[in-house]
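Me: I'd like to learn how to read strands, sheets and cavities in a model I've never seen before. Could you walk me through it?

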Amino acid sequence: MSSRLRSSKVRHVYADLPKDRETYSNFQLDSTMGDHNFINAGTKYFSLSVKGGGGQVLCIPHGQYGKVNQNGPPPILNGHKSAVLDMAFNPFNGDILATGSTDCGICVWQIPDGGLTENLTEPAVRLNKHAKKVIFLEFHPTSNNVLASASADKSIKLWDIETGQAGVDFKKSHPDLIQSILFNEDGSLMFSTCKDKHARFFDPRTGEVVAKFAAHESVKAAKGIFMTSMNKFVTVGATKQAKRELKVWDIRKLDAVSQLKRLNLDSSAGTLMPFYDRANKLLFVGGKGDGSMRIYEMAEDKNIIYECSNFNTGTDPCKGLCALPKASCDVMKCETMRVLKLASTRVSELKFVIPRKSDDFQEDLFPDDYAGILSLIHISEPTRPRLIS
């Protein structure tokens with residue numbers, strides 16, 4: 001019987017629940033609802049939208065555990081007129097944070113070295129060309145200072161944050177509310193989902209739709225994740241009966257995106273959020289309102305996807321999730337993914353480990369991966385002001 005078992009080096013991936021002293025706590029989340037994660041992480045800090053006047057954002061250094069206001073009110077970013085819905089850190093500079101708000105604007109902040117020591121109310125750059133609230137932000141993964149934003153005005157814009165100018169505008173591609181945006185690993189392709197039940201792939205250089213397909217039958221928010229090295233793409237959403245599901249797609253031919261696999265998950269109502277560890281081909285799927293996270297291994301065989309475990313993240317219902325950059329993982333402990341779970345009053349750090357008996361560096365678990373190093377040069381005119389020297 002054992003000879004029939006599939007061999008897998010990642011099947012037993014796990015995470016220990018963090019102790020209270022290793023969490024971030026004692027804050028009040030903003031009460032605004034939506035399909036965004038409400039938390040984002042860069043190489044140095046993570047940020048979250050909190051309750052208060054205007055659009056207050058906490059920016060906390062990694063590893064600075066404990067109560068965020070135990071020594072008095074923590075310093076905040078507060079340059080918006082109303083609640084912040086989404087945030088994004090520049091992948092090439094962990095001190096640059098963009099925030100999008102219900103006031104229709106985007107603020108680009110430059111965090112001082114060592115973190116905030118006082119409130120910041122004036123951002124380095126303001127971007128104000130959306131007609132309705134800004135709901136999603138995403139930095140380009142290979143070109144510096146290029147930011148994508150999605151708004152309730154049904155448009156997606158690409159910005160040069162050095163100059164504050166908008167470039168490509170995808171304003172006629174979505175007939176309904178945009179539910180997510182995402183770049184692929186090299187930034188050559190952009191993905192979006194929409195309340196019209198369709199997913200789209202764009203050429204970010206022109207704004208043209210290169211593929212459109214019906215992803216899920218429900219109008220509930222759908223999300224996606226690229227697996228470019230495997231020529232696959234995963235979407236998570238819901239059926240017409242409001243049951244949550246996962247689908248794997250073949251994207252080798254964008255003019256005819258085909259479904260390879262479909263998994264029924266459960267009947268919960270919360271939005272699903274997928275994260276992918278490309279080094280070990282592990283897919284992590286968590287949901288809002290959930291206390292668990294599903295872990296799958298992606299394979300090249302006919303079954304395509306295998307369940308590794310269903311990890312219990314604790315009793316606190318999840319309000320949002322975000323994955324830290326791969327460089328944050330402790331390679332000597334075989335840590336393959338680190339995820340921040342946002343609950344009502346605390347943030348927990350989930351460290352997913354692939355168990356090994358040896359204490360030596362496990363080279364097979366850590367092949368070459370995304371390094372956060374600029375690979376496309378974005379050239380500005382000599383007279384343009386620069387955000388970062």
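Me: Let's start with strand pairing. Which residue in E9 is the bridge partner of Ala98?

Reply: The general idea is that strands of a sheet pair through backbone hydrogen bonds, either parallel or antiparallel. In this predicted model, Ala98 has Val108 in E9 as its bridge partner. That pair belongs to E8 and strand E9 (residues 106-110), which are antiparallel and share 5 bridges.

Me: How many residues lie between the strands in the hairpin of E8 and E9?

Reply: There are 4 residues between them, and in this hairpin Cys104 takes a positive phi near 80 degrees.

Me: Which strand do I find on the other side of the pairing story, joined to E8 by a hairpin of 6 residues?

Reply: That's E7, and the hairpin runs from E7 to E8. Strand E7 (residues 84-89) runs antiparallel to E8, with 5 bridges joining them. For a landmark, look at Met87, which stands opposite Thr99 in E8.

Me: Is strand E8 largely enclosed or left open by the rest of the structure?

Reply: To judge that, count the buried residues, meaning those under 20% relative accessible area. Strand E8 (residues 96-101) has 6 of its 6 residues buried, so the rest of the structure largely encloses it. Check both faces too: Ile96, Ala98 and Gly100 point one way, Leu97, Thr99 and Ser101 point the other way, and all are buried.

Me: Now a sheet. In what order do the strands of the open sheet with 3 strands come?

Reply: The order is E3-E4-E5, with antiparallel pairing. Strand E3 (39-41) and strand E5 (56-61) are at the edges with a single partner strand each, so each has one side without a neighbour in the sheet. On average, neighbouring strands here are turned by 20 degrees against each other, direction ignored. Zooming in, E3 and strand E4 (residues 45-50) run antiparallel and are joined by 3 bridges. Within that pair, Ile39 has Leu48 in E4 as its bridge partner.

Me: Last one, the empty space. How many cavities of 30 Å³ or more does the structure hold?

Reply: Just 1 cavity of 30 Å³ or more turns up, and the largest cavity has about 50 Å³ of space. To place it, read the lining, which includes Gln179, Thr193, Cys194, His198 and Lys220. Strand E16 (190-194) and strand E17 (198-203) are the elements that give two or more residues to that lining.

Me: What kinds of residues make up the lining of the largest cavity?

Reply: It's a mix: 4 are nonpolar, 5 polar and 2 charged.

Notes. Residues are numbered from 1 along each chain as its sequence is written. This is a predicted model: local features need pLDDT of at least 70, side-chain atom pairs count only at pLDDT 80 or more; totals for chains, interfaces and linings use all residues. Side-chain values use heavy atoms; hydrogens and water are left out. On a 1 Å grid over the protein atoms alone, a cavity is a set of points where a 1.4 Å probe fits but cannot get out, and a pocket is an open set with protein on both sides within 12 Å along at least five of seven lines; lining residues have an atom within 4 Å of a point. Grid points are joined across faces, edges and corners, and a volume is the space filled by probe spheres set on the points. Ala, Val, Leu, Ile, Met, Phe, Trp, Tyr, Cys and Pro count as nonpolar, Asp, Glu, Lys and Arg as charged, and the others, Gly among them, as polar. Buried means under 20% relative accessible area, exposed over 50%, partly exposed in between (1.4 Å probe, protein chains only). Two strands pair if DSSP finds at least two bridges between them. Axes are lines fitted to C-alpha atoms, for helices over the stretch in contact, and angles run from 0 to 180 degrees between N-to-C directions.
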